[in-house]
Amino acid sequence: MALPCSPTRHCSLLLLVAGVLLLLVGSMRPCAATLDEDIELIWGASHTYFFMDGPDTESLALSLDEQQGSCFRSKNTYIYGTISMDIKLVEGNSAGVVATIYTISEGPWSYHDEIDLEFLGNVSGQPITLHTNVFANGVGGREQQFYLWFDPTADYHTYTIEWNPKYILIRVDGKAIRAFKNYEDQGVPYPTWQQQRVYGSLWDADEWATQGGAIKTDWSNAPFVAYYRNYNTTWCRPSPGVSWCGAEPKDSPRFDLDQQTLTDLQWVNANYRIYDYCTDHKRFNESEFPKECYLQRAGL
């Protein structure tokens with residue numbers, strides 16, 4: 001849950017309808033956003049800067065020191081689509097530091113939707129943890145955590161959220177690591193009606209982020225810096241003749257997972273998943289597991 005940047009404004013039904021109309025009349029091609037035009041800084045502006053990372057690529061540096069972190073958000077909101085960004089994480093000892101990329105709705109917190117990717121820093125030489133979570137109608141607690149098969153501080157890597165009426169998919173460099181299926185018809189909350197805005201942040205969470213809070217942030221290493229570039233968005237594409245993705249028939253195969261995605265999910269979950277709420281017997285007894293834990297889950 002990426003609280004430091006979470007908005008509180010109400011997302012009205014009118015906004016939702018307007019967003020759907022925009023989806024219908026707007027371009028369906030991928031949009032590579034120009035960062036300083038399509039992303040706005042909402043706090044810590046003195047700790048951030050835009051710069052050209054090569055002749056044609058604009059990047060954003062977020063930084064954190066003992067006084068303040070930094071955060072940006074997209075100027076647009078989305079309902080169903082694919083959002084990706086290249087991120088180069090904090091180098092060296094990043095214990096206690098959390099970098100994020102996530103989406104969140106703007107309605108009341110009690111029924112908000114959210115799709116989280118949070119990168120939990122660690123001491124030098126130890127792996128960074130990718131912490132993922134899904135909230136729908138205010139219900140969260142669906143954490144899965146992963147190590148990565150590369151050093152995410154050495155170079156940029158692409159992190160993607162795909163959100164359609166059947167699945168929420170999280171990908172790393174195009175490889176699917178998590179799939180959360182829509183079981184709303186069986187009583188499992190799923191985000192289907194609230195638009196969400198994209199956020200990214202760098203902040204101090206040493207009370208819990210590294211080894212459960214046992215290792216604190218070493219401020220002698222500040223400022224901590226993470227780099228973001230190549231923000232891309234693509235509207236969800238429905239089947240031909242269907243008005244928008246929210247109207248896709250439930251029995252449509254449009255958003256079924258292909259074999260490569262299933263293979264990637266199986267490989268990542270077998271080799272790099274380090275936590276799954278659906279197998280946490282210390283947290284839940286057999287009668288308390290969330291309902292989706294008893295249903296078929298892709299890649300598991």
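A residue counts as buried when its relative accessible area is under 20%. By that yardstick, 54% of the 300 residues in this chain are buried. The model you are looking at is a predicted one, and its chain holds three helices and 16 strands. Here is a friendly tour, starting with the whole chain and moving on to its hollows and a few residues worth finding.

**The chain as a whole**

- About 13,300 Å² of the chain is accessible surface, and carbon and sulfur atoms make up 51% of that area.
- Take the contacts between residues with a separation of 6 or more: 70% of them join residues that sit 24 or more positions apart in the chain.

**The largest pocket**

- Look for the largest pocket, which has about 400 Å³ of space.
- It is lined by 17 residues, and those closest to its centre are Pro165, Lys166, Asn182, Glu248 and Lys250.
- Sorted by class, this lining contains six nonpolar, five polar and six charged residues.

**The second largest pocket**

- The second largest pocket offers about 290 Å³ of space.
- Its lining has 17 residues, with Thr82, Glu162, Asn164, Arg254 and Phe255 closest to the centre.
- Four strands each give at least two residues to this lining: S6 (81-88), S11 (157-163), S12 (167-172) and S15 (224-235).
- In the lining of the second largest pocket you will find six nonpolar, five polar and six charged residues.

**Cavities**

- Searching the whole structure turns up four cavities of 30 Å³ or more.
- The largest cavity has a volume of about 90 Å³.
- Twelve residues line the largest cavity, and Ala179, Phe180, Lys181, Tyr277 and Arg297 are the ones nearest its centre.
- Strand S13 (residues 175-181) contributes the most to this lining, supplying four residues.
- By class, the lining of the largest cavity splits into six nonpolar, two polar and four charged residues.

**Asn122, a residue with a record**

- An unreviewed UniProt entry lists a "glycosylation site" at Asn122.
- You can find Asn122 in the loop that runs between strand S8 (114-120) and strand S9 (129-135).
- The relative accessible area of Asn122 is 11%, so this residue is buried.
- Leaving aside residues up to four places away in sequence, Asn122 touches Gly92, Asn93, Ser94, Ala95, Pro127, Thr210 and Gln211.

**Backbone details to look for**

- Gln211, one of the residues that Asn122 touches, lies in the loop between strands S14 and S15.
- The phi angle of Gln211 is near 50 degrees, a positive value in a residue other than glycine.
- Gln211 has a relative accessible area of 53%, so it counts as exposed.
- Pro223 also has its place in the loop between strand S14 (196-204) and strand S15.
- The peptide bond joining Ala222 and Pro223 is cis, with omega at about 0 degrees.
- Asn230 lies in strand S15, and its phi is near 55 degrees, again a positive value in a residue other than glycine.
- Asn230 counts as partly exposed because its relative accessibility is 32%.

Conventions. Residues numbered from 1 in each chain as written. Predicted model: local features only at pLDDT ≥ 70, side-chain atom pairs only at ≥ 80, totals over all residues. Heavy atoms only, no water. Buried < 20%, exposed > 50% of the residue type's maximum accessible area, 1.4 Å probe, protein only. Contact = heavy atoms within 4.5 Å. Areas by Shrake-Rupley, 256 points an atom, 1.4 Å probe, with all protein chains shown as cover. 1 Å grid on protein atoms, 1.4 Å probe; cavity = no way out; pocket = protein on both sides within 12 Å on 5 of 7 lines; lining within 4 Å. Points joined across faces, edges and corners; volume = space filled by probe spheres on them. Nonpolar A, V, L, I, M, F, W, Y, C, P; charged D, E, K, R; others polar. UniProt positions renumbered as here; feature names shortened; annotations may be inferred.
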